[in-house]
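Hi everyone, thanks for making room for me today. I'd like to walk you through one structure, so let me put it up on the screen.

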Amino acid sequence: IESTLYFKHFEDKTVIVTAGPTSEPIDPVRYITNRSSGKMGFAIAKIAHFMGADVRLITGNTCLKTPYGVKRIDIETAEDMLKALKHELSKSKNEVILIMAAAIADFRPSETKDKKIKKKNENGFTLKLKQNPDLTIEIKRFAEKADIPLRIVGFAAETDNLIENAKKKIEKKGLEFIVANDVSRKDIAFGSDKNEVAIIYSNGRIERLEKASKDKIAYEILRRLI
Ligand code: CTP
Ligand code: CA
């Protein structure tokens with residue numbers, strides 16, 4: 001079945017996909033994370049392979065099976081994800097298309113304790129957080145410095161003002177286009193096998209894709225990069 005779906009659109013391309021959540025450790029047993037299941041990113045990696053690309057999937061913690069033919073790199077933190085991105089990017093000999101489907105934790109604990117934090121009294125405690133760097137901005141700068149041709153597609157996870165909020169991220173992050181997700185809806189996005197998205201281009205054009213399987217949405221996204 002897989003071979004009948006094989007196209008050659010991306011034969012000379014490396015597609016790097018980030019997927020899933022990042023986990024930011026508080027101590028050896030606890031971490032901060034988010035609701036990303038990784039399904040959208042894994043679907044993109046799978047379909048990109050069918051389309052002939054050399055695919056690298058850099059993923060946070062998920063319970064998903066590695067798609068056939070895809071090289072998977074498991075990471076935990078945003079910092080690990082950035083390291084893996086730089087590593088994969090510098091190794092690539094082709095033009096790279098980067099799809100940032102991961103839900104990267106915006107904040108991490110300012111310090112990680114090396115021993116388990118014990119209960120002391122009933123007051124609880126205050127956890128101090130620090131902002132993570134923007135990986136898309138960092139990796140774009142890295143590629144420019146190293147003269148590596150790179151095209152980037154972003155995702156936007158929004159609960160309100162979907163289009164307006166997503167639009168602002170295109171220029172800020174240097175994206176070709178952004179895929180806007182309404183993560184407040186229970187029937188799509190986080191954890192679901194379906195998604196319904198709007199694709200917003202840097203020139204302001206908006207395309208709405210009707211609700212479909214994440215595989216179909218993945219194909220629609222990749223098709224627009226041919
Ligand atoms: N992203 C990133 N580095 C981060 C956070 C997010 O590269 N530290 C990427 C995501 O993978 C996604 C895009 O940026 O492709 C938008 O992510 P989103 O969480 O919607 O936007 P943020 O820039 O983090 O802004 P906010 O969460 O405050 O809306
Ligand atoms: Ca964010």
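Before the ligand, one definition: when I say polar contact, I mean a pair of N or O atoms within 3.5 Å. And please keep in mind that this is a predicted model.

With that cut-off in hand, let's look at ligand 1. One of its nitrogen atoms is 2.9 Å from a polar backbone atom of Pro133, which means that this pair falls within the 3.5 Å limit. Two lysines contribute through their side chains: Lys169 places a polar side-chain atom 2.7 Å from an oxygen atom of ligand 1, and for Lys173 the distance from a polar side-chain atom to an oxygen atom of the ligand is 2.7 Å. How much of ligand 1 does the protein bury? Taken alone, the ligand exposes 570 Å², and 79% of that is buried by the protein. There are 14 residues around ligand 1, and those that come nearest are Met100, Thr136, Phe155, Lys169 and Lys173.

Now to the sheet. It is an open sheet of eight strands with mixed pairing, and the order reads 5-4-1-6-9-10-11-12. At the edges stand strand 5 (71-74) and strand 12 (206-213); each has a single partner strand, so one side of each is left without a neighbour in the sheet. On average, neighbouring strands here are turned by 20° against each other, ignoring direction.

Let me show you both kinds of pairing. Strand 1, residues 13-19, runs parallel to strand 6, with six bridges between them; there you can find Lys13 opposite Glu95 of strand 6. Strand 11 and strand 12 pair in the antiparallel sense, over six bridges, and Val197 has Leu209 in strand 12 as its bridge partner. The hairpin of strand 11 and strand 12 has four residues between the strands, and Gly204 there takes a positive phi near 95°.

What lies across this part of the sheet? Helix 5, residues 214-223, lies across strand 6, strand 9 (150-158), strand 10 (177-182), strand 11 (194-201) and strand 12. Relative to strand 12, helix 5 runs at about 150°.

Last stop: the calcium ion, ligand 2. Which residue coordinates it? Asp106 does, through OD atoms listed twice, at 2.4 to 2.6 Å. You'll find Asp106 in the loop between strand 6 (95-100) and strand 7 (107-109).

That's my tour; I'm happy to go back to any part of it.

Key: Residues numbered from 1 in each chain as written. Chains lettered and ligands numbered in written order. Predicted model: local features only at pLDDT ≥ 70, side-chain atom pairs only at ≥ 80, totals over all residues. Heavy atoms only, no water. Donors = N, O, S within 2.8 Å, 3.2 Å for Na, K, Ca; no water. Helix = DSSP H or I, 4+ residues; strand = E, 2+ residues; numbered from the N terminus. Pairing = 2+ DSSP bridges. Axes fitted to C-alpha atoms, helices over the stretch in contact; angles between N-to-C directions. Contact = heavy atoms within 4.5 Å. Near = heavy atom within 4 Å. Polar contact = N/O pair within 3.5 Å; in protein donor to acceptor, adjacent residues only side chain to side chain. Areas by Shrake-Rupley, 256 points an atom, 1.4 Å probe, with all protein chains shown as cover.
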